[in-house]
Amino acid sequence: MSFEPTPLSDGEYHAKSQAVLASVEARVDQLLQDDVIDIDSNRTGGLLELSFPNGSKIIINTQPPLHEIWLAARSGGYHYKYSDGRWLDTRSGQEFFASLTGCATEQGGRQVSFSS
């Protein structure tokens, strides 16, 4: 890991990770409303499942004991830690929403974008 994670209390982690899930859900709703792509979202606690028209899925899962957010997509599994206002991949350093944009575009077969 080439960056230093920002220390978070459990409360801070919870607030920040839940904000990520809420942001993704709001963007999925907007994409559906704007008739860009039909992504179905299903949230259960700290787990958000995005289902694409081709049957593929992206799973976003909070990991409270580790203070991480995990992303599982066709291209692989990714772990993100909070650092200086952004969630960064513990291996590549790529920002969470940039990764999600790439995975969703690949799996959805059309350009979609996510941001914080």
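These are my notebook entries on a predicted model, written down as I looked things up.

**Entry: salt bridges**

I began with charge pairs, since side chains of opposite charge can pair when their charged atoms come close. I asked how many salt bridges the structure holds. The count came back as three.

I took Arg-43 and Glu-25 as my opening pair, and their closest N and O atoms are 2.8 Å apart. Arg-43 belongs to strand E1 and Glu-25 to helix H1, so this salt bridge ties together parts that are 18 residues apart in sequence. I then checked the cover on each partner. Arg-43 is partly exposed at a relative accessible area of 28%, and Glu-25 is also partly exposed, at 22%.

My next pair was Lys-57 with Glu-49, a salt bridge with an N to O distance of 3.6 Å. Lys-57 has a relative accessible area of 39%, so I noted this residue as partly exposed. Glu-49 is partly exposed as well, with 23%.

Then I turned to Lys-81 and Glu-68, where the closest N and O atoms of the salt bridge are 3.5 Å apart. Lys-81 sits in strand E5 (residues 76-83) and Glu-68 in strand E4 (residues 68-73), and the pair links distant parts of the chain, 13 residues apart. Are these two partners buried or exposed? Both Lys-81 and Glu-68 turned out to be buried.

**Entry: around Gln-63**

Glu-68 came up again when I looked at Gln-63, a residue of strand E3 (residues 57-63). Setting aside neighbours within four places in sequence, I found Gln-63 in contact with Tyr-13, Glu-68 and Trp-70. Why do I file Gln-63 as buried? The relative accessible area of Gln-63 is 16%, and buried means under 20%.

**Entry: Phe-3 and its contacts**

Lys-81 also led me to Phe-3, which lies in the segment before H1. Phe-3 counts as buried, at 13% relative accessibility. Which residues does Phe-3 contact, once neighbours within four places in sequence are left out? My list for Phe-3 reads Lys-81, Ser-83, Leu-88, Asp-89, Thr-90 and Gly-93. I also took a C-alpha to C-alpha distance here: Phe-3 and Tyr-82 are 9.8 Å apart in space, with their positions 79 residues apart in sequence.

**Entry: Leu-50**

I moved on to strand E2 (residues 47-51), where Leu-50 lies. Leu-50 is buried, and its relative accessibility is 0%. Not counting residues up to four places away in sequence, Leu-50 touches a list of residues that includes Val-24, Val-28, Ile-39, Ile-58, Ile-60 and Leu-100. Lys-57, which I had already met in a salt bridge with Glu-49, is also among the residues that Leu-50 touches. For a distance check I chose Gln-33: its C-alpha is 16 Å from that of Leu-50, and the two are 17 residues apart in sequence.

**Entry: Gly-46**

Where is Gly-46 found? I located Gly-46 in the loop between E1 and E2. With neighbours within four places in sequence set aside, the contacts of Gly-46 are Gln-18, Leu-21, Ile-60, Asn-61 and Thr-62. Ile-60 was also on my list for Leu-50. I compared Gly-46 with Ser-116 too, 70 residues apart along the chain, and their C-alpha atoms are separated by 17 Å.

**Entry: a negative patch**

Back to charges, this time on the surface. Which residues form the negative surface patch? I wrote down Asp-34, Asp-35, Asp-38 and Asp-40. Asp-38 has its place in the loop between helix H1 (10-33) and strand E1 (40-44). Asp-35 is in the loop between H1 and E1, and its relative accessible area of 67% makes this residue exposed. From the contact list of Leu-50 I recognised one member of the patch, Asp-40.

**Entry: positive phi**

Most residues other than glycine have a negative phi. With that in mind I looked for residues with a positive value. Asp-35 of the patch is one of them, with phi near 60°. His-67 goes on the page too, with a positive phi near 55°. I placed His-67 in the loop between E3 and E4. Asp-35 is exposed, whereas His-67 counts as buried at 17% relative accessibility.

Notes
Residues are numbered from 1 along each chain as its sequence is written. This is a predicted model: local features need pLDDT of at least 70, side-chain atom pairs count only at pLDDT 80 or more; totals for chains, interfaces and linings use all residues. Side-chain values use heavy atoms; hydrogens and water are left out. Patches are made of residues with over 30% relative accessible area and no salt bridge: like charges are joined within 9 Å, nonpolar side chains (Val, Leu, Ile, Met, Phe, Trp, Tyr) within 5 Å. Accessible areas come from the Shrake-Rupley method with a 1.4 Å probe; for residues, only the protein chains shown count as cover. A salt bridge is a side-chain nitrogen of Lys or Arg within 4 Å of a carboxyl oxygen of Asp or Glu. Lys and Arg count as positive and Asp and Glu as negative; His and the chain ends are not counted. The place of a charge is taken as NZ of Lys, CZ of Arg, CG of Asp or CD of Glu. Helices (H or I, at least four residues) and strands (E, at least two) are DSSP runs, numbered from the N terminus. Buried means under 20% relative accessible area, exposed over 50%, partly exposed in between (1.4 Å probe, protein chains only). Contact means heavy atoms within 4.5 Å.
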